[in-house]
Amino acid sequence: MIAQWVVHVLVLLLFPPLLLGVIGTTKAWFAGRKGPPLLQLYFDVWKLLHKEAVYSRTTTWIFRAGPIVSLASLLSAGLVLPLTSGSAPLSFGGDVIAFAYLLGLGRYFTMAAALDTGSSFEGMGASREAAFSALAEPALLVALAIVCVPASTVSFADAFAALPWSSWGAAHPEILIAVVVIFLVLLAENSRIPVDDPATHLELTMIHEVMVLDHSGPDFAFILYGSAVKIFLFSALLVHLIIPVSPDGGWLGILVVCAGGVAIAVAIGVVESGMARLRLVRVPQFLIGASVLGAIGIFVVLLRAGR
Amino acid sequence: MTTYADSLLVALLALDLYMVSTNRLGSCIRASALQGVLLSALPVLVSGIGPSSSFWDAMHLAAIVIGTLCVKGLLIPWVLFRAMRSRGETREFEPFVSLHLSQVINGVLCGGAFWIATGLSLPAANGHAMGLAVGLATLFIGLYMIINRHNSISQVLGFLVVESGVMVIAWALLRKPSFVIEVGALLDVLVAVMVLGVLATSLEATGSEGGVRKGDTSQ
Amino acid sequence: MTLWPFLLALGIHLTGGILALLLRRSNRVALATGTVACVVASVIGLVAAGHLLLVGGAAEMQASWHVPVGQLRVGVDALSAFFLLCIYLVSGLAAVYGAGYLGGHAHERTLAPVIFFFVLLVAGMTVVALARDGVLFLVAWEVMSLSGYFLVTFEHEREDVRRAGMVYLIASHIGVVFLFILFTIFARHGGDFSFAALASAGPLSSSLANACFLLALVGFGSKAGFWLLHTWLPEAHPAAPSHVSATMSGVMIKMGIYGLLRALTFLGTPPAWWGITLIVVGALSGVLGVLHALAQHDLKRLLAYHSVENIGIITLGIGLGLLGQSAANPTVAILGYSGAILHTLNHGLFKGLLFQGAGSVLFATGTKAIDSLGGLSRKMPVTALTFLVASVAICGLPPLNGFVSEWLIYVAAFHGGALSGATLVAALAVIPTLALIGGLAAACFVKAYGIIFLGEPRTKACEPAHDPPRSMRGPMLVGAVLCLAIGLWPQAALQIVARPAQVLVGTTAGADAMLGLLLPITRVALVLVGLAAVLTLLRWGLLRRREVAVGSTWGCGYEAPTARMQYTAASFAEPILDPFEATLHRPVHENPVRGYFPEEAHYERHPKDVVGDRVLVPAARRLIAALARIQIIQHGRVQLYLVYILVTVIVLLVWQLSGGA
C-alpha cells in the first residue's frame, strides 16, 4: 500500500512536464520544424526556480498566494484521482466532486491574482476564464456522472472498477461520449486550441496566458509546472476511462498511465495543429455543446438501464 | 440491435448536435454527408443478413446500402455545394433562436424523444428502444432545424435530417428491407427535386435573403 | 426543562429592547443596552440550542392567553433548535457589528427605534421557531415582517428607501394571505390550531395535501425569496442598514425555509411531483439569481440576488430530500435534507459576513458602487481578508464550509441514480445545475472581490477608506473563523445537522453512515493547507537571499496606464452574461464613439429585474386599470357610504328573518 502511494506521488510530481514537451514536439513535427527538446519544461522550471522575482507595486498578498494555492489545489486533486493504480491515497466516496471543486479553487485564486495586478490585460483574461470555466464545469460533471451513475457510486476508484471493459467500444457508446466530452473540457481548461492559443500573448488569444503575465521567478515556475500537472490529471482521467489500469499498480500501472498520457498528449498536439482557434463568441457554444453531448450520454445511460 | 449499431446511432445524434450548432453552410453539408454514410452502414448492422442468407436478400440489402451511400453521401451534398457556390453564400444568417439556445433545445428534444421512446411500448421495438429513441430525436431535431433557419439550403438540410430520422425509425422497427423503406428512399428523391428546384430558380422561403439582418457576418 | 433557556433569552431580548426605547435620550446608552442584551441572549440561546442538537430531546409547554382563538403553545425540537441556532448566531454577531455601524449614524438621529425593532425582529423570529400553534405562528410572523419594515426604512428621508420598504411590505403581506389559508386548513383538519392536534389527526387527503403544499410553497416561498416571488429582496436588503441586511439575508429569509420544512412534516409521505417542483424552483432561483447578481453594479443588490441563488441551492437540497422520501430511499433523503440544512447555517454565516463587509466598505467610503472602488485591500486589510474568506466559501470551494453543504447535495443527487422515472431525471438534473451555479457564483465573486479590493483605486471615493472599528471587525473575524472551522471539521457540523434531518425524514437510519463520509474531507482539506504551507516555505527559502524587486505592472509596453483603464465590473461580467442574454433585461443607453476624432461619448447600462420589469409591473398596471373601473362606488361622500351600510343591514335582517342560514 505505502509503496503504491509512493509510486503515485512520484509519478504525479515527476512525469507531467514531459507531456507539454510531447505536445510541443508533435506540433513542431506538423509544422515541419524542429521544435524545443522534449524535456524543455524541466529545464524551464529549474531555471525559473533559480531566478529572482519582481512584484508589482499594485499587488497584494493575493498575487503572491495565487500560484501557491493553484499548485497546491492541483497537487491535492492529483492525490484524489487514481493514477498508477485503481485507487488514490486520498480516495473516498464523493471524491469526484472534491476533484472538480479543488480545480475550481485553483481557478478562483488565479483569477483573483490576475485582477490584483490592476492591468486591463489580466482583467480581460480573468473575465474570459470566468466565463468559460463556468460553462465547462457542468460539462465535466455530467461526463463524470455518465461514468458514476451506472456504478451507483461517487468515487473514482469504484467507478473505474465498474467500467465494462469486455464490451467497451461497441456496446457502451456512452463511455465514448464521456471520453469525448472530457477531452473537450481538457482543451478548454488547459487553454489549448480551439479555445485558446497557448503559444502567444496577443490580445485575441488572451485567456490563460495573459492571466499569468506578471508573475516571475519561482511563482512562474509554479504556474508552468501547475499547467503541466493539470494536463496530466485530465489525461490520467481519460486513460482510466479507456484502458483498464491494474488495480494494484506496479510497473504495469506506471507504464499504462505514462504511455497513455503520452498518447493523449500526441492527440492534443494533432488537434492543435489541425484546427484554428475558435472566435471567442463561439467558445460558449463549444462548451454548451459539450454539456449537451454529455446530457445525451446520460440519456443513453438511462435508456439502457430501463429508466 | 447489435452492439456496434448503438455506437453508430450515438454518432448520428452527435452529428445532429453539430449541425444545430454551426453557422457555416459548408460544415453543415459535410456533416449531413457523413450522416448519410453512417446511415448507409446501418442496414448492414441491423438486418442480420449475412453470408448465410439468400442471394436475393443480400442483393436487396446491397442495393439499399449502395443507393443510400451514393444519394445521401455523395449526390445530394455535391448538388448542395453547387447551389451554395452558385449563390455565393457560405454562411447562414443568425437564426431566429440563438445558437446557444438551439443547443440546449437540441438536448431537450433528445431527452423528450428518449422519454417518449421508452413510454411508447411498441411491440416491434422490444429491445430496440435505442433505435426508436435516436430516430425520434433526429426527427424532432430536423424539424427544429427547418423551423429555425432562414436559408433555404439549411432548410433542405433540415429536411434531410428529418428523413434520416424516419429511416432510423423504420430500420429500428422492421429490421429488414421492406416496402416502407423503399418509400423512404422516395423521400430522398423528393429532396433531390427540391434541391434542383433551389438551384434552378433560386426559390427562397419567405423572409430570408434580401436585406441585412442581425448576425450578418462579413468576415 | 429544555425550553426555559430559550424563553429566558427571549425575555432578555425584549427587556433590552424596551430599555433601549426608554433610554432613548442618549444614543450611546441605548445602543449599549440593546447590544449587550442581544449578545447575552444569543449566548444563552446558542448554548441551549447546541446542547439540544447534540443530545436530543424535545419539549412543549402551554400557557393561557386572552385571545379567543388559538393557544399560547411553544415547544422546541431538533428542527426548531437548529433554526434557533442560526438565529442566535447571526443576530448576535450582527448586533455587535451594528453597535459599531450605527455608532457612525449616532449624530444624525435617535437610534432607539432601530435598536428596538431589531430586537423585535429577532424576538419575532425566535417565537416563529418556537411556536407550536398556528395563531401564535402567524402573530410572530407578522411581528417579524413588520419590524423588518421599520428596519428597512431606517433612512426614511430617502425616496428610494421608502419605496423599498413599501415593496417589502406588500410582498410580505401577499405571502401571509396564503399562510392564513394554509393554517386554516390545518386547523380544520386537526380540530384546533395547535400543531400537536394536527400531528395526531392523521394524514390529510391527497388533494388537500397537494393544496397545502402549493400554499406553503407560495406563502413561505415569498419570504424565502424563490424566483418569481423574489422581487422584493433586491429592493429591501440594500436599503436597510448593513447589520439588518446581514440579519435579514442571513436568517429572516431562512424562516421561510423553516416554515416550509415544518409544513412538510405535517403533510406525510410526499408524492414525487413535490420534489420535482422544488427542484425546478430551486434550479430557476439558483441560475437566474446568480445571473442577475452578475449583472449588478451595486454591491448590496449583488449580495441580495446571491441570497436568492443560495435559497435556490437549499431548495434543490430539499427537493432531493422529498424525492428520496417519495421513493423510500433514505440515503438520498437524509443526504439531501442534511445538505439543505447545513447550507442554511453556512449561508447565514457567509452572507452575514459579506453584508458586514459591504457595510464596512460603505461605512468607510460612502459608496456601494463597485465601479467606483478598487485597491481597498491595502487600506482595509481585515475587511478584505474576511470578505475573501466569505467569497471563497459562498462559491463552495474547499476547504471552507460552502463546499461541505454543496458536496452533500451533490452526493445526494448522484445517489439519485438509484431512483426511476421522472424522479431520476430530476435528481440527475441537479448535477449540471449545481455545477453551473457554482461556476457562475465563482465568476461573480471574483468580480466583486477583485474589483473592489484589488487593483488600483478607480475614483476619489476610495481615499478615506480605512478598516472599521473593533466592534465591526470582531464579528467579521469570528464569522470567518467559523467558516474555516466548519470547512475543516465538517463532522462537527454534521452532528448538529443530523437530528433535524432525521426529524424531517422520520427515521434515524443513515445518519451515522454519513458521519463517516465526511471524515475524508478533513483529510483532503488538511493536505491542501499543508501543501500550500510547504510551497510557501519553498518559495520563501528560494527568494530569501535574492533580490526581490518592486516595479509597476507590465502593461505590454504601454507607457501611460491609468487606474481607469482597469477592467470594470460591467466589462468583467460581459462575456459571462452574453450567452444568457435572453434571460436578462439590461437596457443600454449610449452615445457611441464615432469617427476618428470622437467627441463626447457615454455608455450606461442598468440591470433591471426580469420578473419585476417584464412581468409584475405590467401585470400590476393592468390590474390597477381594471380595478379603476370598480372605483365608481367610492365617491368620498360619507352619506353614500351610510346608504351602503343601511342597505346591507336591511338585506341581512330580511335574509335572517326569511329563514336563510
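**Exercise 1. Name helices of chain A that cover the buried residues of helix 12 of chain A, and check the length of helix 12.**

*Solution.* Start with the cover: it includes helix 1 (2–14), helix 2 (16–31), helix 9 (173–189) and helix 11 (217–242) of chain A. Before going on, keep in mind that this is a predicted model, in which local features need pLDDT of at least 70 and side-chain atom pairs count only at pLDDT 80 or more, while totals for chains, interfaces and linings use all residues. Residues are numbered from 1 along each chain as its sequence is written, chains are lettered from A and ligands numbered from 1 in the order in which they are written, and side-chain values use heavy atoms, with hydrogens and water left out.

Next, the terms. Helices (H or I, at least four residues) and strands (E, at least two) are DSSP runs, numbered from the N terminus. Buried means under 20% relative accessible area, exposed over 50%, and partly exposed in between (1.4 Å probe, protein chains only). Contact means heavy atoms within 4.5 Å.

Now list the residues being covered. In helix 12 of chain A, the buried ones are Gly253(A), Ile254(A), Val256(A), Val257(A), Cys258(A), Gly260(A), Gly261(A), Ile264(A), Ala265(A), Ile268(A), Gly269(A) and Glu272(A). To read such a list, remember that an α-helix has 3.6 residues a turn, so residues three or four places apart point the same way.

Last, the length. The expected span is 1.5 Å times one less than the number of residues. For the 25 residues of helix 12 (residues 250–274) of chain A, that gives 36 Å, and the end C-alpha atoms are 36 Å apart, which agrees.

**Exercise 2. Follow Glu272(A) to its salt-bridge partner and say whether the two residues are buried or exposed.**

*Solution.* A salt bridge is a side-chain nitrogen of Lys or Arg within 4 Å of a carboxyl oxygen of Asp or Glu. By that rule Glu272(A) pairs with Arg192(A), with the closest N and O atoms 3.0 Å apart. The pair links distant parts of the chain, 80 residues apart: Glu272(A) is in helix 12 of chain A, and Arg192(A) is in the loop between helix 9 and helix 10 (208–211) of chain A. Both Glu272(A) and Arg192(A) are buried.

**Exercise 3. Work out which parts of chain B are tied together by the salt bridge of Lys72(B) and Glu163(B).**

*Solution.* First, the fold: chain B has 7 helices and 0 strands, and 51% of its 219 residues count as buried. Then the pair: the closest N and O atoms of Lys72(B) and Glu163(B) are 3.3 Å apart. Lys72(B) lies in helix 3 (residues 55–87) and Glu163(B) in helix 6 (residues 152–174) of chain B, so the bridge ties together parts that are 91 residues apart in sequence. Finally, Lys72(B) is buried at a relative accessible area of 5%, and Glu163(B) is buried at 1%.

**Exercise 4. Describe the interface of chain C and chain A.**

*Solution.* Count the residues: 76 come from chain C and 72 from chain A. Buried area is the accessible area (1.4 Å probe) that two parts lose on being put together, summed over both. Here it is about 6,300 Å², of which carbon and sulfur atoms give 75%.

Now the polar side. The rule finds 1 salt bridge across this interface, formed by the side chains of Asp219(A) and Arg539(C) (2.5 Å, N to O). A polar contact is a pair of N or O atoms within 3.5 Å; within protein, one must be able to donate a hydrogen and the other to accept it, and residues adjacent in sequence count only if both atoms are side-chain atoms. There are 15 residue pairs in polar contact between chain C and chain A (both at pLDDT 80 or more).

Among the elements of chain C that give two or more residues to the side that touches chain A are helix 17 (421–453), helix 20 (511–543) and strand 3 (548–551). Helix 17 of chain C gives the largest share, 18 residues.

**Exercise 5. Do the same for the interface of chain A and chain B.**

*Solution.* Here 20 residues of chain A are in contact with 24 residues of chain B. The buried area is about 1,900 Å², with 71% from carbon and sulfur atoms. The rule finds 0 salt bridges, and 2 residue pairs are in polar contact (both at pLDDT 80 or more). On the side of chain A that touches chain B, helix 8 (168–171), helix 9 and helix 13 (283–305) of chain A are the elements that give two or more residues. Helix 13 of chain A gives the most, with 11 residues.
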